[in-house]
Amino acid sequence: MDPQQPGPAQPAPDDGDAGVVCAQCGTRAQGPPPTWTLSVEGGSRRHFCVDCARTHLRAIEGRLDSSWW
């Protein structure tokens, strides 16, 4: 196992009306997209776009924090 794990992705600021931002890649969507994944990590909500969710499906199913992706 690599001891240098990447830190959590820093999502772009979400200013409410601008839509939802993917916490992994920064993709922005207008409104809460029904196909995106919502995760609660450390008490905060994080949205993930379809592409990022599919890429990291095993980690999501294993309930690993996105910092391990």
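Start by selecting Gln30, which sits in the loop connecting β2 (28–29) with β3 (37–41). This is a predicted model, so keep the confidence colouring handy for later. Gln30 has a relative accessibility of 66%, so it counts as exposed. Now add Val20 to the selection: the two residues are ten apart along the chain, and their C-alpha atoms are separated by 6.3 Å.

Next, follow the loop into β3 and bring up β4 (residues 44–48) as well. The two strands run antiparallel and are joined by five bridges. Pick Leu38 and look across to β4, where His47 stands opposite. Then go to the turn: β3 and β4 make a hairpin with two residues between them. Click on Gly42 there and check its backbone, since the phi is positive, at about 60 degrees.

Stay here and show the side chains of Glu41 and Arg46. Side chains of opposite charge can pair when their charged atoms come close. Arg46 and Glu41 form a salt bridge, with 3.1 Å between the closest N and O atoms. How many salt bridges does a search of the whole structure find? Just one. Are the partners buried or exposed? Arg46 is buried, at 10% relative accessible area, and Glu41 also counts as buried, at 11%.

Finally, colour by pLDDT. The protein averages 76, and 70% of the residues score at least 70. Select residues 1–8, where pLDDT is below 50 and the model has six contacts beyond near neighbours in sequence. Then try residues 11–15: pLDDT stays under 50 here too, with nine contacts beyond four places in sequence. Where pLDDT is low, don't read the predicted coordinates in detail.

Key: Residues numbered from 1 in each chain as written. Predicted model: local features only at pLDDT ≥ 70, side-chain atom pairs only at ≥ 80, totals over all residues. Heavy atoms only, no water. pLDDT = per-residue confidence, 0-100. Contact = heavy atoms within 4.5 Å. Helix = DSSP H or I, 4+ residues; strand = E, 2+ residues; numbered from the N terminus. Buried < 20%, exposed > 50% of the residue type's maximum accessible area, 1.4 Å probe, protein only. Pairing = 2+ DSSP bridges. Salt bridge = Lys/Arg side-chain N within 4 Å of Asp/Glu carboxyl O.
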